[in-house]
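Subject: A structure for you to explore

Hi there,

I am passing on a structure that I have been looking through, and I hope you enjoy exploring it. Please open it first and then read my notes beside it.

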Amino acid sequence: WELRFPAQAGAPERVTLDRLISWSEHTDPGVRYFSGRATYSKTLDVPAGLIAAGRRLYLDLGKVEVMASIRLNGKDLGILWKQPYCVEVTDALKPGGNTLEVEVANLWINRQIGDEQLPEDCERNPDGTLKQWPQWLLDGKPSPTGRYTFTSWKLWHKDSALVESGLLGPVKLRVAQSVVMH
């Protein structure tokens with residue numbers, strides 16, 4: 001699988017995965033603490049005999065954390081936001097090579113935990129609330145410590161547990177055959 005990240009979001013431009021894993025388990029901190037949308041791509045080789053009259057084909061993504069947008073051979077197949085993460089692909093699939101793109105969006109938690117690895121960029125009360133709005137924020141500038149996120153209340157700490165993120169799979173092609181009952 002090739003996994004592409006948006007520019008200037010703290011992650012590398014792209015990584016190659018031998019197998020699907022949670023972003024939170026990746027060795028690169030830019031991937032481990034990434035929050036946002038990233039796109040998986042892969043070529044699916046489909047035997048010609050799999051596509052036949054009376055047969056419906058479904059792409060089952062398995063486990064996704066949290067939402068996925070699917071494109072197969074350039075055709076938008078919609079957004080999946082809850083289980084089962086499965087979509088019919090009968091009309092988009094062709095014999096031979098098929099280009100699959102799965103854009104996954106996760107939660108902000110991991111990025112906020114990642115930012116806690118960096119020095120503080122504002123003054124806070126003991127309960128995590130702000131003492132005052134930081135000047136860099138009022139001036140519309142980025143955090144001077146390199147943080148990507150800002151909240152008025154500290155929700156996570158540097159040792160908080162990361163949450164699973166990304167396309168976790170297993171990704172399967174499911175086949176349904178119509179049968180006439182007499």
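Below is what I found, going from the sheets to the core and then to a few unusual spots in the backbone. Please keep in mind that this is a predicted model.

**The six-stranded sheet**

Let us start with some background. Strands of a sheet pair through backbone hydrogen bonds, and they can do so in a parallel or an antiparallel way. Here you will find an open sheet of six strands, in the order S2-S1-S3-S9-S6-S7, and the pairing is antiparallel. Its edge strands are S2 (14–16) and S7 (75–80), each of which pairs on one side only. From one strand to the next, the twist averages 20°.

You can walk across part of this sheet pair by pair. Strand S1 (residues 2–4) is joined to strand S3 (residues 37–46) by three bridges, and these two strands run antiparallel. Within that pair, Leu3 is opposite Tyr40 of S3. S3 also pairs with S9, again in the antiparallel sense, over ten bridges. Which residue of S9 is the bridge partner of Tyr40? It is Val102. So much for that side of S9; next comes its pairing with S6. Strand S6 (residues 67–72) and strand S9 (residues 96–105) are antiparallel and share six bridges. Look there for Met67, which stands opposite Ala105 in S9.

**The three-stranded sheet**

There is also an open sheet of three strands, ordered S8-S4-S11, with antiparallel pairing. S8 and S11 are the edge strands, each pairing on one side only. Neighbouring strands in this sheet are turned by 30° against each other on average, if direction is ignored. Three bridges hold the antiparallel pair of S4 and S8, and in that pair Tyr58 faces Glu88 of S8.

**The core**

Now for the inside. The largest nonpolar core has 33 residues, and those with the most contacts inside it are Tyr40, Leu61, Ile70, Val102 and Leu167. Two of these names, Tyr40 and Val102, you have already met as bridge partners. The elements that give two or more residues to this core are S3, S4 (55–60), S6, S7 and S9. Which of the strands gives the most to it? That is S3, with four residues.

Val102 deserves a second look. This residue is found in strand S9. Is Val102 buried or exposed? Val102 counts as buried because its relative accessibility is 0%, and buried means under 20%. Try selecting Val102 together with Arg124, too: the two are 22 residues apart in sequence, and their C-alpha atoms are 39 Å apart in space.

**A nonpolar patch on the surface**

Nonpolar side chains also turn up on the outside. Met67, Ile79 and Trp81 make a nonpolar surface patch of about 360 Å². Met67 is the residue that stands opposite Ala105 in S9. Trp81 sits in the loop between S7 and strand S8 (86–88). Why does Trp81 count as exposed? Its relative accessibility is 56%, and the cut-off for exposed is over 50%.

**Unusual spots in the backbone**

A general point helps here. Most residues other than glycine have a negative phi, and most peptide bonds are trans. The places below depart from that pattern, and each is worth a click.

- A cis peptide bond joins Glu65 and Val66, with omega about 25°. Val66 lies in the loop between strand S5 (63–65) and S6.
- The peptide bond from Gly169 to Pro170 is cis as well, with omega near 0°. Pro170 belongs to the loop between strand S10 (166–169) and strand S11 (172–177).
- Gln8 is not a glycine, yet its phi is positive, near 60°. You will find Gln8 in the loop between S1 and S2. With a relative accessible area of 79%, Gln8 is exposed.
- Asn73 has a positive phi of about 55°, although it is not a glycine either. Its place is the loop between S6 and S7. Asn73 counts as partly exposed, because its relative accessibility is 30%.

If you want a path through all this, begin at Tyr40, step to its bridge partner Val102 in S9, and then look at the core around them.

Happy exploring, and best wishes!

How values were computed
Residues numbered from 1 in each chain as written. Predicted model: local features only at pLDDT ≥ 70, side-chain atom pairs only at ≥ 80, totals over all residues. Heavy atoms only, no water. Pairing = 2+ DSSP bridges. Axes fitted to C-alpha atoms, helices over the stretch in contact; angles between N-to-C directions. Patch = residues over 30% accessible without salt bridge, like charges linked within 9 Å, V, L, I, M, F, W, Y side chains within 5 Å. Areas by Shrake-Rupley, 256 points an atom, 1.4 Å probe, with all protein chains shown as cover. Salt bridge = Lys/Arg side-chain N within 4 Å of Asp/Glu carboxyl O. Buried < 20%, exposed > 50% of the residue type's maximum accessible area, 1.4 Å probe, protein only. Core = buried A, V, L, I, M, F, W, Y, C linked by side-chain atoms within 4.5 Å.
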